[in-house]
Structure formats: structure tokens, C-alpha cells
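Welcome! Here are some short exercises to work through with the model open beside you, each followed by a solution in steps.

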Amino acid sequence: MVSPPRQPGPEAGPRLPPAGPRPALRTRAGILALDRTVVVGVLNATPDSFSDGGLHADPGRAAATAAEMVAKGAGMLDLGAESTRPGAAPVSPEEELRRLLPVLRAVRAAVRVPLSVDTTKAAVAGAAIAEGADVVNDVSAGRWDAAMFSSCAAAGVPIVLMHMQGTPATMQAEPRYRDVVGEVTSFLAERAALARAAGIAAEGIILDPGIGFGKTVDQSCRLLRRLDALVALGYPVLVGVSRKSFLGRLLGGRDVGERLFGTAAAVALAVAGGAKLVRVHDVAAIHDVVVVSEAVLGA
Ligand code: HH2
């Protein structure tokens, strides 16, 4: 005899958050709904990014990749022109703009999804906004340029606030925390409060634990495991795990190009933990990971 299917009870496991006001990001390009996790495609116009360095410096090629990423499921694209990989040297604002603007213009003409610009410099952010960028992604959370929050507030542009211990040149030397989840969460709560005090709307703030930015493998895993602590602050959370070195270390020294399954596992768990945006290089594969993760969480 076939037993009847079990009805899921309240004890059935983690679920999507209860219906409330629909989470959304207000950008100049319109409202980006966040009730489904958004796949953010990474496009680096850098010669030296750890995984796609040199691939998208040509505007025509970048625009073609951007269109393909959108066709494969990216809801937003993140354009960077200064690498933040461990050990990376800083570049001048002039050099950053020289790399970024031709690529941004070509990508802007090719796709309609919101574009974020990955920069810590207010002058670069301002020039990118003037050329059509919709979001600023600041891995320093506004600490490295005193004008960053006021520029975003004046332009009415949302900002991603990311946690980092140290600087890219030094951050992986010896990261130390007493309580990595507590410290990252309170740092981001404080930066969000300062951003709001500078005039950035609450619907214009996204928080990011900064996986791999001054974190050991264990600390990165712990932050992913306890993403709920960050989600509880009430802002959308973005997670960037794509191809990162903590995955390579967990997988016995896998190269950057061999970390897709590791990335997929980390993304699935980030979605389960409440991430609303996932920043990735492999858009098509991770789009599938997100769709299946959400279907299971919502069942
Ligand atoms: N990771 C990287 C760069 N920018 N921004 C946010 N908000 N979160 C991240 O986790 C994050 C980020 C590093 O990845 P990538 O851009 O591929 O490399 P590089 O910094 O070498 O350009």
C-alpha cells in the first residue's frame, strides 16, 4: 500500500520569510524586486582580477558578455576597474576611470538591468553615475572616501556596504576576531546608520559580510552559516563567494576555474540563509542553483 504524501507541518524546516512589505531596491533604473534572489553578474575591466582579469577590458567584448549574462538570468551587473584581490595594489582614480568608463558606456548601451560600479572612490562613483550606473558597490563601506555617502545621497543611488578587515594589500595576513559574526554585524549596523545619517534612504542600503576580505576559511564559513544575524538588521544582504580562495582551500587547493561546484554549494546555503543578491561570475549555472534553492525553501 502506498502511504499518503506527508503534509509539511510547521516543523518542516527553514522557509522563505513570511509575507510582509515586498523587499525591493529603489534605483534610478526603477524598482529592483528582491522577493527573489537576484543574480549579480561580475564584469571586471581590470588587467589583474583574480578570476576574470583581462577578459572584459575591451568594451565590445564586455558588452557582449553583459548581454549574455542578462540572457542567462543576471538581474544586475557589477562593473569593477580596480582589483581587490588579496595583495592587490591600489590604482589612481584617473586610471580606474580610464578602464571603467568605456566599458560602462558599452555595457549601459547593451543592457537595461541595473548596473553597479565596484569602487571605493566618490569621484569614480560620481563619474560612473553620470554615465548610467545605478548602484555603488563600496567594499570599504564608505570608510576610504569621506565624500562617498554624501555623493550617493545627493545622486539618490543605493550603496552596497561591505565588511573588510584591513586592506586588500594586508587583509589575509592574519585576520583576527573575538566573534566574527558579532563584529561583522555590528560594523555593518554602524556603517548603515552613518549612511542613513548622510541622507541615503533605508531602501538604498545593501549589506555584505565580505567573504574572504580579511577572513580565514573558518571565519568565511561561520559568516555564511550565521547569515541570519546580518539579515536580522533588516537590510537586503548581498553575498560574494564566487570562485573565492576559501573554496579552493576547502577543496584541496582547487584552481580558480575549478571552483564552480564549491561556489554553487555556498550560494545555495547563502540563499537558505536569506541572501537577496549573490555576486557571481558563472551566471547561467548559479541562476539554476538559485531557482532550485528557492523552490525548495518555498515548498
Ligand atoms: N568580492 C570581490 C570584489 N568586489 N564586492 C562585494 N560587495 N562583495 C564581494 O564579495 C566582492 C566585491 C572580489 O571578486 P572579483 O571582483 O572577482 O575579484 P577582484 O577583486 O580581484 O577584481
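Is Val292 buried or exposed? Before solving this, note that the model is predicted: local features need pLDDT of at least 70, side-chain atom pairs count only at pLDDT 80 or more, and totals for chains, interfaces and linings use all residues. Residues are numbered from 1 along each chain as its sequence is written, and side-chain values use heavy atoms, with hydrogens and water left out.

**Exercise 1: Val292**

Step 1. Find Val292 in helix α10 (residues 283-297); helices are DSSP runs of H or I with at least four residues, strands are runs of E with at least two, and both are numbered from the N terminus.

Step 2. Apply the cut-offs: buried means under 20% relative accessible area, exposed over 50%, and partly exposed in between (1.4 Å probe, protein chains only).

Step 3. Val292 has 52% relative accessibility, so this residue counts as exposed.

**Exercise 2: Describe the salt bridge of Glu294.**

Step 1. Recall the rule: a side-chain nitrogen of Lys or Arg lies within 4 Å of a carboxyl oxygen of Asp or Glu.

Step 2. Glu294 pairs with Arg36, at 3.8 Å from N to O. This pair joins distant parts of the chain, 258 residues apart: Glu294 sits in helix α10, and Arg36 in the loop between β2 (30-33) and β3 (38-44).

Step 3. Check the burial of each partner. Glu294 is buried because its relative accessible area is 10%, whereas Arg36 is exposed, at 58%.

**Exercise 3: Which residue forms a salt bridge with Asp134?**

Step 1. The partner is Arg108, and the N to O distance is 2.9 Å.

Step 2. Place the two: Arg108 belongs to helix α2 and Asp134 to the loop between α3 and β6, 26 residues apart.

Step 3. Asp134 has 4% relative accessibility, so it counts as buried.

Step 4. For the wider picture, the rule gives 13 salt bridges, and Asp78, Asp118 and Arg279 are linked in a network.

**Exercise 4: What lines the largest cavity?**

Step 1. On a 1 Å grid over the protein atoms alone, a cavity is a set of points where a 1.4 Å probe fits but cannot get out, and lining residues have an atom within 4 Å of a point.

Step 2. The lining includes Val181, Pro209 and Leu230. Helices α5 (180-197) and α7 (227-231) each supply at least two of the lining residues.

Technical notes:
1 Å grid on protein atoms, 1.4 Å probe; cavity = no way out; pocket = protein on both sides within 12 Å on 5 of 7 lines; lining within 4 Å.
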